[in-house]
Amino acid sequence: MKAKDKLAVGVKIMASVVSGRPRPLFIQYSLSDRCNGQCIYCNCRNRGNTGLTTEDRLALIAAFARLGCLRMKLYGGEPLLNDDVHVLIRAVRSHGMRCAMVTNGLLITEKMEAVREIDELIISLDGDEEAHDRQRGPGTWRRAMDGIEACAAEGLSFFLNVVLTRHSLGQVDWLCGLADRLGIQANFQIPQFGETLFGPHAREWMPSPGEAREVLRKIIALKRSGGPVLFTVHSYRRTLGWKDFGLERIEDPARPSRCMAGRYALMIEPNGDVYPCFQHIGTFRAKNALRDGAEAAWRHAWNHHCHDCYNTWLNENKAIFGLRPEVLMNFWRNYMSDKAKRYRR
């Protein structure tokens with residue numbers, strides 16, 4: 001992305017926030033629940049939503065582009081399983097939006113033609129072969145690594161997405177070493193295991209509060225020392241300061257939420273239902289972008305009562321839309337680049 005385009009993104013974010021006129025600038029769109037992974041803590045494959053027709057997906061993308069979306073992230077399930085994914089990637093970009101994608105990496109080498117057109121690729125990797133395969137299924141590490149090495153060799157823009165369960169906390173150094181070698185960064189997340197998306201037994205994989213705080217301090221130290229950590233110290237410190245990891249978010253029905261979720265960022269389910277963010281699936285009565293109209297569904301998503309949570313990624317987004325200078329700079333530097341640093345063998 002050219003400097004002038006980065007500036008234009010920043011101007012649009014600031015104009016929307018300063019004017020008090022929200023726009024759905026960042027959107028996560030789950031194409032379907034279909035997945036070829038075997039993640040032990042994920043309930044996605046059991047939900048059974050195969051998504052919309054290509055025509056409806058294209059209409060949905062166009063509708064949110066008209067509402068002002070700047071960055072649309074495609075995910076699932078596994079988005080590369082969708083036969084029309086190349087068409088959808090091109091559609092997102094043709095409307096002037098930045099196209100991001102979250103993938104487990106298993107199909108990257110097979111779908112490289114489509115992958116090359118993605119502006120920002122997020123590849124899930126939970127550590128070395130033993131740790132990753134324990135969490136995501138036997139043989140998945142090797143295929144994910146083949147995809148990672150292929151993307152790095154082509155100089156594509158991507159970073160790692162890491163779920164830190166109680167069994168993978170010790171993988172931070174290994175993952176940082178890999179990220180350093182490839183010239184990329186890693187997004188480390190203490191998970192939130194809402195039952196709708198992750199199933200009734202996922203919380204068994206949650207680190208203890210002491211373990212979570214220990215690894216968060218380690219990540220903060222790595223970021224401060226120039227390590228390949230994607231998010232800012234500010235956002236990790238907010239997670240570190242959360243009093244009770246058994247309480248995933250704070251709700252107060254007596255007052256409107258000031259969270260950016262719903263107003264400036266939102267989530268779209270495979271059937272077109274629009275939610276403030278993933279945490280509200282199963283508890284929020286959503287409107288549908290196709291049945292009720294994209295704008296009506298988006299505006300309805302403002303009407304939630306969640307005020308805070310410990311999710312580092314969401315806290316980073318809150319700080320972006322709060323116009324916090326160091327977080328804005330981190331965002332432009334890391335997300336808005338054209339290519340990753342050159343692959344280093």
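This briefing looks at the enclosed spaces inside the structure above. The model is a predicted one. A search through the whole structure turns up 3 cavities of 30 Å³ or more. The notes below take the largest cavity and then the second largest, looking at what surrounds each of them.

**The largest cavity**

- The largest cavity holds about 120 Å³ of space.
- Its lining is made up of 16 residues.
- If you would like to find the spot in the 3D view, look for Gln28, Ala265, Leu266, Trp313 and Asn317, the lining residues that lie nearest the centre of this cavity.
- Two or more lining residues come from each of these elements: strand E1 (26-30), strand E2 (71-75), strand E8 (265-268) and helix H12 (312-321).
- By class, the lining of the largest cavity splits into 12 nonpolar, 2 polar and 2 charged residues.

**The second largest cavity**

- The volume of the second largest cavity is about 60 Å³.
- Cysteines in its lining are Cys259, Cys277, Cys306 and Cys309, and histidines there are His280, His304 and His307.
- Ala261, Gln279, Asp308, Leu314 and Lys318 also belong to the lining of the second largest cavity.
- Strand E11 (306-309) and helix H12 are the elements that give two or more residues to this lining.
- E11 supplies the largest share, with 4 residues.
- The lining of the second largest cavity counts 6 nonpolar, 4 polar and 2 charged residues.

**An element to follow in both**

- Helix H12 gives two or more residues to the lining of the largest cavity, and H12 also gives two or more to that of the second largest.

Key
Residues numbered from 1 in each chain as written. Predicted model: local features only at pLDDT ≥ 70, side-chain atom pairs only at ≥ 80, totals over all residues. Heavy atoms only, no water. 1 Å grid on protein atoms, 1.4 Å probe; cavity = no way out; pocket = protein on both sides within 12 Å on 5 of 7 lines; lining within 4 Å. Points joined across faces, edges and corners; volume = space filled by probe spheres on them. Nonpolar A, V, L, I, M, F, W, Y, C, P; charged D, E, K, R; others polar.
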